[in-house]
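Colleague: Could you walk me through this structure in a friendly way? I would like to hear the reason behind each label.

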Amino acid sequence: MSKLKLTISRRLSNKKVRKQKAFAQKKVCRFEASADYRANLDYKNVEFLRGFITERGKILPSRVSGNSVYYQRKLAREIKLARSMALLPYCPMHR
Amino acid sequence: MLRYETLVLTPPDITREQIGLLENQIATAAKDSGGRLMQFDEWGKYYLAYPVKKNNYGCYFLARVEIPEGPAPKVVSDLTRAMQIKCVDYVWRHVIKKLEAGASLEYTRPESVASTAKSKFDRKPGEFFERSASQRGFGGDQAAEDDQDSISEHE
């Protein structure tokens, strides 16, 4: 009976190494750390929110920004509210 | 005491009378629920993040309302009716938010056109994003990777 040899592709092994590297640093949620930071979480506080969006206007994932689930959801909600009020853009070039 | 705030986006050529009418409508909505209009801030003219009704500029107003606690506050529906029906001609967008009980009333507002005194001809397309994610201290690789939207990302 022939045995099935399962080899892991290089692409997959690279992906695993990359994921390990990404999770190597223990990130702290900056919102949980200080109350002042939490007070900034407002849809009107555009300058603060802009620190959490990419150049294209996309919301940064929590694995990049280090936010906890609770604050990431709150942040996303505030950013979306700011977008609806034309304080933040939805996409890079609207014109 | 329950506190609500409304941010209103209006055309940049809104007249003083219309501003007065808007303020009155909000004050009436508050009074009908037994409360009062706490503050009515005029933010001024802003360069919008995207064109609204084919306009690149707009005026913002922030109104805060305080009402006593009681059964089923109807102030939110009154405010939406004021904005969507009575002031429909000069209100483009609005958002009503409930403020937390013990939260401070301070807020930071974005810089208006008046304060920066920058004409739209000075702005280059894409200038809206002044700092990239990498400059803000987040892993530049990760953010740049996400921005590329390549097929290999969806593995």
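**Helix α1 of chain B and a cross-chain network**

Modeller: Gladly. Just after α1(B), B:G34 takes a positive phi of about 85 degrees. This is a predicted model, in which local features need pLDDT of at least 70 and side-chain atom pairs count only at pLDDT 80 or more, while totals for chains, interfaces and linings use all residues. Residues are numbered from 1 along each chain as its sequence is written, chains are lettered from A and ligands numbered from 1 in the order in which they are written, and side-chain values use heavy atoms, with hydrogens and water left out.

Colleague: What makes up chain B, in helices and strands?

Modeller: Chain B has 4 helices and 4 strands, in the order β-α-β-β-α-β-α-α from the N terminus. These are DSSP runs numbered from the N terminus: H or I of at least four residues for helices, E of at least two for strands.

Colleague: How do you know that the span of helix α1 of chain B agrees with its 17 residues?

Modeller: The expected span is 1.5 Å times one less than the number of residues. For residues 16–32 that gives 24 Å, and the end C-alpha atoms are 24 Å apart, so the two agree.

Colleague: Which residues of α1(B) are buried, and why do you say that they line one face?

Modeller: They are B:I19, B:L22, B:I26, B:A27, B:A29 and B:A30. Seen down the axis, these buried residues fall within an arc of 155 degrees, so they line one face of the helix; the arc is that of the directions from the helix axis to the C-beta atoms. The face turned away carries the exposed residues B:E17, B:K31 and B:D32. Buried means under 20% relative accessible area, exposed over 50%, and partly exposed in between (1.4 Å probe, protein chains only).

Colleague: What covers that buried side of α1(B)?

Modeller: The cover includes β1, β2 (36–52), β3 and α2 (75–86) of chain B, where contact means heavy atoms within 4.5 Å.

Colleague: Why is the pair A:K44 and B:E5 called a salt bridge?

Modeller: The term asks for a side-chain nitrogen of Lys or Arg within 4 Å of a carboxyl oxygen of Asp or Glu. A:K44 and B:E5 meet at 2.6 Å, N to O, so the pair qualifies. A:K44 lies in the loop between α3 and α4 of chain A and B:E5 in strand β1 (residues 2–10) of chain B, so the pair joins two chains.

Colleague: Are these partners buried or exposed?

Modeller: A:K44 has a relative accessible area of 1%, so this residue is buried. B:E5, at 1% as well, also counts as buried.

Colleague: What makes A:D42 buried?

Modeller: Its relative accessibility is 14%, which is under the 20% limit, so the label applies. The A:D42 side chain makes a polar contact with that of A:K44 at 2.8 Å (a pair of N or O atoms within 3.5 Å; within protein, one must be able to donate a hydrogen and the other to accept it, and residues adjacent in sequence count only if both atoms are side-chain atoms).

Colleague: How do you know that B:R3 and B:E66 link distant parts of the chain?

Modeller: Their side chains meet in a salt bridge of 3.2 Å, N to O. B:R3 is in strand β1 and B:E66 in strand β3 (residues 55–67), 63 residues apart. Elsewhere, salt bridges that share partners join A:D42, A:K44, B:E5 and B:R64 into one network.
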